[in-house]
Amino acid sequence: QGPRRLPHPPNWQNDRQQECRKQVGACRVFTVSLGDLKPDGEDDAFRKFKLKVEEVQGTQCLTNFYGMDMSTDKLRSLVRKWHTLIEAYADVKTTDGYTLRLFCIGFTKRRPNQNRKTSYAQSAQVRNIRKKMIEIMIREGSSASLNDLVAKFIPEMIGGEIEKATEGIYPLQNVYIRKVKTLRAPKVDVT
């Protein structure tokens, strides 16, 4: 004789399984490449978004922005010899009550007719650039909602703004918001 077949579970077990599925799915965080989220987004595949499941409705998961990161290979490809790497971070409270921590990275740039081998910024210049980065991140973040801010991350508008603002101190290149963490989020009503 083969193995005994069990009868189909009664309805209460199906209901219990669905309830368990909801509990397991809620609060789970998924990491998705921007290349997968956007049509024809192969150029932006280095940017990874973290999405947190707020509620499960049947087979659908309702997600919300939870964080952003850059792929390791992209970060490593930006770092070069003979240039200064400048990093800064700032805590920002959006208009809709989210508290985010933004991390910025930038690199010094060779001037067009430069003869010197190195493109190092002096420590005072680095401090001024870092101050400018923090100021711009706070200004851009605190004047927008979470959705507007995420829309600014995708085309790298904040990085471009920092490049323009720091041109007078020391010209920068490859300025990116490299990471975003959600520190505090308001209670979301999904109804």
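**Exercise 1.** Classify Cys-61 and Cys-104 of this predicted model as buried, partly exposed or exposed.

*Solution.* Step 1: Cys-61 has a relative accessible area of 41%. Step 2: Buried means under 20% and exposed means over 50%, with partly exposed in between. Cys-61 is therefore partly exposed. Step 3: For Cys-104 the relative accessibility is 1%, so this residue counts as buried.

**Exercise 2.** State how many disulfides the model contains.

*Solution.* Step 1: The criterion is a pair of cysteine sulfur atoms within 2.5 Å. Step 2: Under this criterion, the count is zero.

**Exercise 3.** Give the strand order of the open sheet and explain why strand 1 and strand 4 stand at its edges.

*Solution.* Step 1: Strands of a sheet pair through backbone hydrogen bonds, in a parallel or an antiparallel manner. Step 2: Here six strands follow the order 1-2-3-6-5-4, and their pairing is antiparallel. Step 3: Strand 1 (29-33) and strand 4 (85-93) each have a single partner strand, so one side of each lacks a neighbour in the sheet. Step 4: From one strand to the next, the twist averages 30°.

**Exercise 4.** Describe the pairing of strand 3 with strand 6, and identify which helices pack on these strands.

*Solution.* Step 1: Strand 3 (residues 60-70) is joined to strand 6 (residues 172-184) by two bridges in the antiparallel sense. Step 2: Met-68 has Val-180 of strand 6 as its bridge partner. Step 3: Helix 5 (residues 146-153) lies across strand 2, strand 3, strand 5 and strand 6, at about 50° to strand 3. Step 4: Helix 6 (residues 157-165) touches strand 5 and strand 6, and its direction makes about 130° with that of strand 6.

How values were computed. Residues are numbered from 1 along each chain as its sequence is written. This is a predicted model: local features need pLDDT of at least 70, side-chain atom pairs count only at pLDDT 80 or more; totals for chains, interfaces and linings use all residues. Side-chain values use heavy atoms; hydrogens and water are left out. Two strands pair if DSSP finds at least two bridges between them. Helices (H or I, at least four residues) and strands (E, at least two) are DSSP runs, numbered from the N terminus. Axes are lines fitted to C-alpha atoms, for helices over the stretch in contact, and angles run from 0 to 180 degrees between N-to-C directions. Contact means heavy atoms within 4.5 Å. Buried means under 20% relative accessible area, exposed over 50%, partly exposed in between (1.4 Å probe, protein chains only).
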